[in-house]
Structure formats: C-alpha cells, structure tokens
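Work through the exercises below with the sequence and the 3D view side by side. Try each task before you read its solution.

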Amino acid sequence: MNYGVGTDSRDNHKSSSLLSVSKISNQHWVPYHNELMYTDEFPRYIAFICIKPAKVGGFTPVSNSIDTWEDLPLVMQRKFEKHGIRYMRNLRDKYAEEAVENNCLNLGGQKFLQDIFGTNNVTQLEAMCHRLGYDFEWRTCPMNKTPILHIQYVREAVVDWRFQNKTVRSFANSVTGMNGRYFNGYGDPYYEELALTDRPFHSQWGNGDEFNDEEHGTIEQCQHANSMCFEWKAGDVF
C-alpha cells in the first residue's frame, strides 16, 4: 500500500505495509476516520501494534462505521448519498519553506507537495492533477509569501459491502478527520485565524456546501456513540 498521498509525515520501514504513528503532537485528538478514504488507494484490512505504551493516556478509540451511518439523520444520509464529500488540501513547497529564515509556522507532521507528487516541476505537478481528476490552483502564503498548491476533489461518503450474508452500508470516509476544524486546537494562532478552506486540509459536502457546526457535531456524536476505547499494553495487536 502506498501512503505517499496520506496527510501525515511517517517514518519509512522495510515493509511498505508497516507505518509509524502520526508525528503530530500527542496532545492532539485525532478525529475518527477510515484510513486513506480521502484517496484512491486505501487498505482493505488494517491492524495496530503497540511496542511501547504511553505512560499517560494513549487510548485508541475505534468506531463502528455501519452503526454510525444508521444513526445519522435521514436528511444527512440522503445528502451524503447524493453529493459525497469534497476534500481539500493546501500543499506547501518543502524547499521554499526551508528557505524562509526563522520560519515560525508549525509544519511538523504536514506533507509537502514534493511528498505527494514526487517532483518540483510545475508542469509535471499540474499534469498529475489533471490525470487524477483534481481541481487545483496556485496560492501564496500570506505570511511567508511561499507557493501553496490547492487541490480539491469529490469522493463517496459510503461503501456498500457484504457482511454476514447481507449487504450493509458503511460510513467509510475521512469527513471529520480531514475537516479544517481540526486546527482550532492546533495551538498555532496562524492556522486558527485562517479560513477553513485555507487550512492544510478541509472537507465539505460534495456540492461545495460547508458542514455547519450542528452537522459536524452530529457526525462526531454518532461516531463517538458507536465507539469503544481501550488502553494499550506492550505487544498488543489489534
């Protein structure tokens, strides 16, 4: 599996199927999400292993996406079925950011456009966006005056699959995990002051409508209500 298009910077291992945890601060809550469902390549199966448990906290909540879908209000179900989810990403230029003297932006854990596309060539970058079906535009960081590649695309919000001899619908996506509200608690005033669509990543209804606070809260409440949480021990595999 290729994690190259994922949002987080992760350490490389000998096996491409083995990934380290995210490098974001351990003070941050990671919203519920289905791994890489904002991309065209995502795992069929996923497992977690604990080498060294956290001294404090370190819980991993897991949510049932089938029951979450069933609990969503019908009006939201119908809108997800009709429009899907629009994902947005604002990808910075690694070398341009490294050239900024005393760069005060917190870029830890973020992916750069070179990480995603593997090139600095603008023509090649734009050709890849066209091939992948991404809408894109070049923007400029108001603080560092560095280039930002803004991309957006629409993906399905649900997946139908066979389970216990029947077809079930799963709310399999990264709608809250990729929503710009994540940066409200990031601890960096710069990101908190940005519009949602200008933050490193964001999600909307597939037709371009924003998720209002009530809708976003409803999704998170349904995910949490259908979740379980456990404390890791060294050697645990889940």
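Helices (H or I, at least four residues) and strands (E, at least two) are DSSP runs, numbered from the N terminus. This is a predicted model: local features need pLDDT of at least 70, side-chain atom pairs count only at pLDDT 80 or more, and totals for chains, interfaces and linings use all residues. Residues are numbered from 1 along each chain as its sequence is written, and side-chain values use heavy atoms, with hydrogens and water left out.

**Exercise 1. Place Lys 145 and state whether Lys 145 is buried or exposed.**

Step 1. Find the place. Lys 145 sits in the loop between β3 (135-140) and β4.

Step 2. Apply the cut-offs. Buried means under 20% relative accessible area, exposed over 50%, and partly exposed in between (1.4 Å probe, protein chains only). Lys 145 has 62% relative accessibility, so Lys 145 counts as exposed.

Step 3. Check the backbone. Most residues other than glycine have a negative phi. Phi of Lys 145 is positive, near 60 degrees.

**Exercise 2. Describe how β5 and β6 are joined.**

Step 1. Look at the pairing. Two strands pair if DSSP finds at least two bridges between them. β5 (residues 159-163) and β6 (residues 166-170) pair in the antiparallel sense, over five bridges. Take Asp 160: the bridge partner in β6 is Arg 169.

Step 2. Look at the turn. The two strands form a hairpin with two residues between them. Gln 164, in the turn, has a positive phi of about 50 degrees. Asn 165 is also in the loop between β5 and β6, and phi of Asn 165 is near 65 degrees.

Step 3. Add the accessibility. Asn 165 is exposed, with a relative accessible area of 74%.

**Exercise 3. Inspect both ends of α5.**

Step 1. Start at the N-terminal end. Asn 121 caps α5 there. A side-chain oxygen of Asn 121 lies 2.9 Å from the backbone nitrogen of Thr 123.

Step 2. Go just past the helix. Gly 133 takes a positive phi of about 80 degrees.

**Exercise 4. Which elements build the largest nonpolar core?**

Step 1. Fix the term. A nonpolar core is a set of buried Ala, Val, Leu, Ile, Met, Phe, Trp, Tyr and Cys residues joined through side-chain atoms within 4.5 Å.

Step 2. Count. The largest core has 37 residues. Those with the most contacts inside it include Leu 72, Phe 80 and Phe 171.

Step 3. List the elements. Two or more residues each come from α2 (74-83), β2 (85-92), α4 (113-117), α5 (122-132), β4 (147-155), α6 (189-193), β7 (201-205) and α7 (213-225). β4 gives the largest share, four residues.

Step 4. Zoom in on Leu 72. Contact means heavy atoms within 4.5 Å. Leaving aside neighbours within four places in sequence, the contacts of Leu 72 include Phe 80, Phe 171 and Ile 219.

**Exercise 5. Classify two aromatic pairs.**

Step 1. Set the rules. Rings of Phe, Tyr and Trp (its six-membered ring) pair if their centres lie within 6.5 Å; planes under 30 degrees apart count as stacked, over 60 as edge-to-face and the rest as tilted. The whole structure holds 13 aromatic pairs.

Step 2. Take Phe 80 and Phe 171. Their ring centres are 5.1 Å apart and their planes are at 65 degrees, so the pair is edge-to-face. Phe 80 is in helix α2 and Phe 171 in the loop between β6 and α6, 91 residues apart. Both are buried.

Step 3. Take Tyr 182 and Phe 201. The centres are 5.9 Å apart and the planes make 35 degrees, a tilted pair. Tyr 182 counts as buried at 15% relative accessibility, and Phe 201 at 11%.

Step 4. Find the cluster. Trp 69, Phe 80, Phe 171, Trp 205 and Phe 211 form one aromatic cluster.

**Exercise 6. Why does Cys 104 form no bond to Cys 141?**

Step 1. Recall the cut-off. A disulfide is a pair of cysteine sulfur atoms within 2.5 Å.

Step 2. Compare. The closest cysteine sulfur to that of Cys 104 is in Cys 141, 8.8 Å away, which is too far for a bond.

Step 3. Conclude for the whole model. The structure holds zero disulfides.

Terms used:
A polar contact is a pair of N or O atoms within 3.5 Å; within protein, one must be able to donate a hydrogen and the other to accept it, and residues adjacent in sequence count only if both atoms are side-chain atoms.
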